[in-house]
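Work through the exercises below with the structure open. Try each task before reading its solution.

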Amino acid sequence: MLWFPGWAVTAWALAEGADASRPIAVVAANRVVACSQEASAEGVVTGQRRREAQARCPALLVLPADEVRDAREFDPVLECIEEIAPGVQVIRPGACALRPRGLARYVGSEAEAAEVLLEAVVTSLGITTGRAGIADGRFTALQAAYAGDPVRIVPPGEGAAFLAPLPVTRLGDEALSALLPRLGVHTLGAFAALGADAVRDRFGRHGQRLHTLASGADPSVVAARTSPPELSRQIGFEPPLALIDQVAFTARATVEEFIAGLSAAGLACTELRIEVTGELDELVARSWGTPGVFDAPAVVDRLRWQLQAAAGSRLNSAVTGVRLEPLVVDALANHVPGLFGTGTDERVHHVLSRVQAILGHDGVVTPRIGGGRWLAERQELVSWGDRPMSALPATPRLRQGSRATPGATAAEDPPWPGHLPDPLPSAVFTLPRPAQLLTRDGAPVGLDDRDQLRGVPTALLLEGERRTVIGWAGPWPIDERSWDPVRHRRASRFQVVDGTGTAWLLVLQAGRWWAEGRYD
């Protein structure tokens, strides 16, 4: 078993290129899940509350947990180990198990094999915190790695004796770790001394499994991981290419290889990242979505559009390379044409995609409702196949089981105090139309200093027509950007229903009435 203490801290340092030799703690659910050696020296331990950890170490740098980052940064460690001893099983980011019998026979012993693996990680990646535990079972080997020595060996048949003095918290079960001490059971040895049948009757199958681990009889075996296929493709141009058509034509073979690799893995790409490098070290990267799945012509179109948009602004030199990376993939079986054709939706996708290929990326757009307080500014046009920016992943990563939907609504817009709740008007006027709201006496309806209605509305003058008001609601005041004298805006919304049953959304601003939308 190979274990790298405080891996979440190490992963952060690797990802950010930062120095981890200072007091650092990674926190999840307001508790410390990993900390650096400097933080441990100040009394910070895993499981500690954040406030208590900061009280013990005022200079503590607190970081949020990121499981994706931890797993991503652990992959190079696994690859380094597998180059020497294949058959590695990932326990969690920062810990892995393997059975290096062949390596042990080659170098002389299991202890020397563990030292070779740790030295390879240090030499290749510069990670010096690794420890190794060698025992009959995975659980015992992991506890041996926790012991503190660079390499700790538990002789065959002595696993139970090694585990006996360890606290029951090493089982990793919060409920059982809290209950057993109240029953007078404080160590793994005391827990193992309990009868297996009594443990099963009291704690069920889960408790029986933990009892087996505490007894040093871990029945699990090492299951080697399957290395994920390399789906990304890249191509370099020598000499660099200055024309867009040259880049697109030359990259076509690589694009076809990229799509073929996905198909061979039983995957289809629904979101793609294209990186273009220039001769002057420029990097132009963009994520692209599609209503269906990417094929080779669609990828070449996106590459051409990206080069056209970047030429002369972000890319001022010849292109030296292109890299293709699938961000979101789905099972290819989900996109196989049905027995009776692809259906109406797929045909619409095909037609609009072909029109977009002719007109360009922004030639076909779909509407969506965005965030904001005013209806006109909430209408957004998104290029066909693109997702709203707030719906895109912040960090490029491979995700399976997702499909890009054209014009999809963002995961969740931020709250907008004062925004109009649903249902929204069916017709929104790009330019608000002038209106007048009058009382029975013909006097204009207004608001007093307390934003209370002054006068009862009975008539609405709009579009050169006088309409009878049979119902109304409001007002709802809006006061935004009060800190900015230039963009400060204060208004009140009002809903009225005329004699024909048509509802109108009105806005009173600076003493004037405007129609913002209509409910049909």
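**Exercise 1. Determine the hand in which H12 passes H13, then describe the packing and the contact.**

Step 1. The crossing of H12 over H13 is right-handed. A crossing is left-handed if the near helix is turned anticlockwise from the far one by less than a right angle, and right-handed if clockwise.

Step 2. Place the two elements. H12 covers residues 244-264 and H13 covers residues 296-310. Helices (H or I, at least four residues) and strands (E, at least two) are DSSP runs, numbered from the N terminus. The model is predicted: local features need pLDDT of at least 70, side-chain atom pairs count only at pLDDT 80 or more, and totals for chains, interfaces and linings use all residues. Residues are numbered from 1 along each chain as its sequence is written, and side-chain values use heavy atoms, with hydrogens and water left out.

Step 3. Give the geometry. Two packed helices are described by the angle between their axes and the distance between the axes. For H12 and H13 the angle is about 145 degrees, and the axes lie 9 Å apart. Axes are lines fitted to C-alpha atoms, for helices over the stretch in contact, and angles run from 0 to 180 degrees between N-to-C directions.

Step 4. List the contact (heavy atoms within 4.5 Å). H12 contributes Ile244, Asp245, Val247, Ala248, Ala251, Arg252, Val255, Glu256 and Ile259. H13 contributes Ala296, Val299, Val300, Leu303, Arg304, Leu307 and Gln308.

Step 5. Sort the contact residues of H12 with H13: 11 are nonpolar, 1 is polar and 4 are charged. Ala, Val, Leu, Ile, Met, Phe, Trp, Tyr, Cys and Pro count as nonpolar, Asp, Glu, Lys and Arg as charged, and the others, Gly among them, as polar.

**Exercise 2. Find the salt bridge between Asp245 and Arg304, and place both partners.**

Step 1. Recall the principle. Side chains of opposite charge can pair when their charged atoms come close. A salt bridge is a side-chain nitrogen of Lys or Arg within 4 Å of a carboxyl oxygen of Asp or Glu.

Step 2. Check the pair. The N to O distance between the side chains of Asp245 and Arg304 is 3.8 Å. The pair links distant parts of the chain: Asp245 sits in helix H12 and Arg304 in helix H13, 59 residues apart.

Step 3. Classify the partners. Buried means under 20% relative accessible area, exposed over 50%, partly exposed in between (1.4 Å probe, protein chains only). Asp245 has 54%, so Asp245 is exposed. Arg304 has 22%, so Arg304 is partly exposed.

**Exercise 3. Classify the partners of two further salt bridges, Arg69 with Asp70 and Glu325 with Arg323.**

Step 1. The whole structure holds 15 salt bridges.

Step 2. Arg69 and Asp70 meet at 3.7 Å, N to O. Arg69 is buried at 8% relative accessible area. Asp70 is buried at 11%.

Step 3. Glu325 and Arg323 meet at 3.1 Å, N to O. Glu325 is buried at 16%. Arg323 is partly exposed at 26%.

Step 4. Look for shared partners. Salt bridges join Asp245, Asp301 and Arg304 into one network.

**Exercise 4. How are H4 and H6 oriented to each other?**

Step 1. Helix H4 spans residues 67-82 and helix H6 spans residues 110-125. Their axes come within 9 Å and cross at roughly 125 degrees.

Step 2. H4 and H6 are therefore oblique to each other. Angles under 35 degrees count as roughly parallel, over 145 as roughly antiparallel, 65 to 115 as roughly perpendicular and the rest as oblique.

Step 3. H4 passes H6 in a right-handed crossing. Pro76, Val77, Cys80 and Ile81 of H4 meet Leu117, Ala120, Val121, Ser124 and Leu125 of H6.

Step 4. The contact of H4 with H6 comprises 8 nonpolar residues, 1 polar and no charged.

**Exercise 5. Inspect the backbone at Pro239, Asn30 and Ala510.**

Step 1. Glu238 and Pro239 are joined by a cis peptide bond, with omega about 0 degrees. Pro239 belongs to strand E9 (residues 233-241).

Step 2. Asn30 is not a glycine, yet its phi is positive, about 65 degrees. Asn30 lies in the loop between strand E2 (24-28) and strand E3 (31-35). With a relative accessible area of 43%, Asn30 is partly exposed.

Step 3. Ala510, also not a glycine, has a positive phi of about 55 degrees. Its loop runs between strand E22 (503-509) and strand E23 (512-519). Ala510 is exposed at 77%.
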